[in-house]
Amino acid sequence: MVETALSLTGVGVTYKGKNYTKEALFELSFKVERGEIFGFLGPNGAGKTTTIKAILNLIYPNTGQIEIFGCPASKVCARKRIGYMPEIANYYWYLTAKELLLMYAGILNIPKALALKRIDSFFEIVGLQDAGNVLMKNFSKGMMQKVSLAQALLNDPDLLILDEPAGGLDPVARTQLRSLILELKNKGKTVFFSSHELSEVELICDRVGILKEGRLLKTEKVKDILNQKTQHQSLENYFLNIIKPE
Ligand SMILES: Nc1ncnc2c1ncn2[C@@H]1O[C@H](COP(=O)(O)OP(=O)(O)OP(=O)(O)O)[C@@H](O)[C@H]1O
Ligand SMILES: [Mg+2]
């Protein structure tokens with residue numbers, strides 16, 4: 001039976017400040033099934049990060065519902081099954097990478113020995129073995145991305161949400177990220193990520209959703225996009241055609 005990992009129904013988000021109102025999402029509805037890799041695409045400012053923040057209950061939609069494995073996004077039962085890698089990480093710069101991750105493990109109630117095992121094995125996969133004792137303030141952008149990804153994986157989440165994970169990663173690290181995401185899928189995990197790297201998305205995603213100006217224009221299986229006997233020979237081609245001005 002198909003299980004829904006993530007479901008959004010009629011989600012609307014309006015940012016309100018003292019002197020401004022910005023309607024960022026309009027009636028957003030879609031589902032992601034358990035075990036899927038779902039790519040969330042859209043031009044800059046389309047509302048991808050806003051959607052992700054709403055899923056994480058970091059901002060509150062003014063309309064609609066969001067559920068994670070059938071549990072409302074605002075509840076602990078939803079959040080404890082999520083791992084999240086933010087678009088821009090803001091860490092405690094005077095902790096080492098290992099101290100930082102152990103701090104998160106503490107918040108997540110993960111026993112120290114298990115956390116250390118997970119951190120060491122992740123660092124080995126992404127080639128950060130020698131960087132565990134380096135202060136975060138001395139990390140390069142790509143190294144930071146890797147720590148951010150390690151943080152998202154710490155609790156062995158059923159639903160991994162990544163906001164532009166490939167940004168700043170070198171080609172080797174991108175390949176590692178790709179294998180890691182596919183491995184997670186093989187373990188039955190669900191991965192939802194935003195990206196502008198359409199060639200990466202094309203290689204690993206089962207389905208994509210395309211957002212423009214806060215509205216979901218399409219959700220489509222990647223294999224159907226590539227099989228279409230139309231002019232779209234690549235996801236990029238399809239994307240550009242969907243988002244082009246009327
Ligand atoms: N805190 C905020 N207050 C007001 N407006 C905001 C706020 N955060 C985002 N916005 C606006 O909401 C819209 C969607 O922004 P969002 O960050 O979700 O886009 P995005 O699709 O993630 O873009 P990018 O690809 O550049 O990361 C933009 O017009 C942005 O200016
Ligand atoms: Mg964003």
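## Ligand shell, domains and helix packing

The largest share of the shell around ligand 1 comes from α1, which gives three residues. The model described here is predicted. Helix α1 (48-55) is joined by strand β2 (21-33), and each of these elements supplies at least two residues of that shell. Taken along the sequence, ligand 1 is surrounded by Y15, K22, A24, G42, N44, G45, A46, G47, K48, T49, T50 and E87. By class, the residues of this shell divide into three nonpolar, six polar and three charged.

The chain itself is divided into two domains, of which domain 1 is assembled from the segments 1-81, 158-168 and 190-246, while domain 2 covers 83-156. The centres of domain 1 and domain 2, taken over C-alpha atoms, are separated by 25 Å. Their contact takes ten residues from domain 1 and ten residues from domain 2. On the side of domain 1 that touches domain 2, strand β7 (residues 159-163) gives the most, with four residues, and that side as a whole has five nonpolar, three polar and two charged residues.

Helix α3 (residues 97-107) packs against α4 (residues 112-125) and against α5 (residues 141-153). The two pairs are set out below.

| Helix pair | Angle between axes | Axis distance | Handedness of crossing |
|---|---|---|---|
| α3 and α4 | roughly 135° | within 10 Å | right-handed |
| α3 and α5 | about 25° | 10 Å | right-handed |

With their axes crossing at roughly 135°, α3 and α4 are therefore oblique to each other. The contact is made by K98, L101, L102 and A105 on the α3 side, and by K112, A115 and I119 on the α4 side. These residues comprise five nonpolar and two charged ones, with no polar residue among them.

For the second pair, the packing angle is about 25°, which makes α3 roughly parallel to α5, since angles under 35 degrees count as such. Here A97, L100, L101 and Y104 in α3 meet V147, A150 and Q151 in α5. The residues of this contact divide into six nonpolar, one polar and no charged. Residue L101 of α3 thus appears in the contact with α4 and also in the contact with α5.

Terms used
Residues are numbered from 1 along each chain as its sequence is written. Chains are lettered from A and ligands numbered from 1 in the order in which they are written. This is a predicted model: local features need pLDDT of at least 70, side-chain atom pairs count only at pLDDT 80 or more; totals for chains, interfaces and linings use all residues. Axes are lines fitted to C-alpha atoms, for helices over the stretch in contact, and angles run from 0 to 180 degrees between N-to-C directions. Angles under 35 degrees count as roughly parallel, over 145 as roughly antiparallel, 65 to 115 as roughly perpendicular and the rest as oblique. A crossing is left-handed if the near helix is turned anticlockwise from the far one by less than a right angle, and right-handed if clockwise. Two residues are in contact if their C-beta atoms, placed from the backbone, lie within 7 Å. Ala, Val, Leu, Ile, Met, Phe, Trp, Tyr, Cys and Pro count as nonpolar, Asp, Glu, Lys and Arg as charged, and the others, Gly among them, as polar. Domain bounds come from an automatic or database domain assignment. A residue is near a molecule or strand if its C-beta atom, placed from the backbone, lies within 6 Å of it.
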